[in-house]
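Trainee: Could you show me how to read salt bridges and nonpolar cores in a protein model? I would love to go through them step by step.

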Amino acid sequence: MINKSDYQDQFDKVLDHVRHEMAGLRTGRATVQMLDDVVVEAYGSTMKINEVASLSAPDASLLVVSPWDKSLIADIEKGIQVANLNLNPVVDGEVIKVPVPPLTQERRQEMVKMLHQKAESGRVMLRTVRADVKQLIEDQENEDGVSEDDVELMLKELEEVNKSYMDKIDQLVADKEKELTTL
């Protein structure tokens, strides 16, 4: 018989994925997560920026990238430029400083649209997990030791879990939207 703990981690993974996607959306503040998608050509392969440098945000309008191998400074600078983040890195000796300009109202609205797209993508993932688990539960109906009442109870529990995760995504969206639209 399937119980809540059997599928709870699938819902958690979807929520973590949505959180990670939303963290990458740029607000007016500098965060190291803004550079999560930056890839660098290093040592003959592509690597994520956090695999070749330490990242910090000393204040709300600046990111500092400190490469562990100083010969990669040009590659890291190029990686940030081509990442389509609308950021312009500046090499300052052995570090790269990335000033984060304040967002325009138009850019904030674009970010809110992207936020809602990412949220809807998360909701679709939740619905997919729910459909898969629901099918597994319904397939148990004809097994020995599983009554119709058990199946009905499991389905009701599944719907409650799904609704709670949908509400969590809605809350994440509300918080992030407030963060994006606050000047």
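Mentor: Let's start with a pair inside one helix of this predicted model. Glu179 and Lys176 are three residues apart in helix H4, so about one helical turn separates them. They form a salt bridge, with the closest N and O atoms 3.9 Å apart.

Trainee: Why can such side chains pair?

Mentor: Side chains of opposite charge can pair when their charged atoms come close. In this case the cut-off is 4 Å, so a distance of 3.9 Å counts.

Trainee: Are Glu179 and Lys176 buried or partly exposed?

Mentor: Glu179 is partly exposed, at 31% relative accessible area, while Lys176 is buried, at 10%. Salt bridges with shared partners also join Glu120, Arg123, Arg127 and Asp170 into one network.

Trainee: How many salt bridges does the whole structure have?

Mentor: A search finds 10. One of them joins the side chains of Glu21 and Lys118, at 3.1 Å from N to O. This pair links distant parts of the chain: Glu21 lies in helix H1 and Lys118 in helix H3, 97 residues apart.

Trainee: Now the nonpolar side chains, please. Which residues of the largest nonpolar core touch the most other members?

Mentor: They are Tyr7, Phe11, Met22, Leu126, Ile137 and Ile169, in a core of 27 residues. Helices H1, H3 and H4 each give two or more residues to this core, and the largest share, 10 residues, comes from H4.

Trainee: What does Ile137 contact, leaving aside its neighbours within four places in sequence?

Mentor: Ile137 is in contact with Ile2, Val151, Met154, Leu155 and Leu158. There is also a second, separate core of 19 residues, including Val38 and Ile49.

Technical notes:
Residues are numbered from 1 along each chain as its sequence is written. This is a predicted model: local features need pLDDT of at least 70, side-chain atom pairs count only at pLDDT 80 or more; totals for chains, interfaces and linings use all residues. Side-chain values use heavy atoms; hydrogens and water are left out. A nonpolar core is a set of buried Ala, Val, Leu, Ile, Met, Phe, Trp, Tyr and Cys residues joined through side-chain atoms within 4.5 Å. Buried means under 20% relative accessible area, exposed over 50%, partly exposed in between (1.4 Å probe, protein chains only). Helices (H or I, at least four residues) and strands (E, at least two) are DSSP runs, numbered from the N terminus. Contact means heavy atoms within 4.5 Å.
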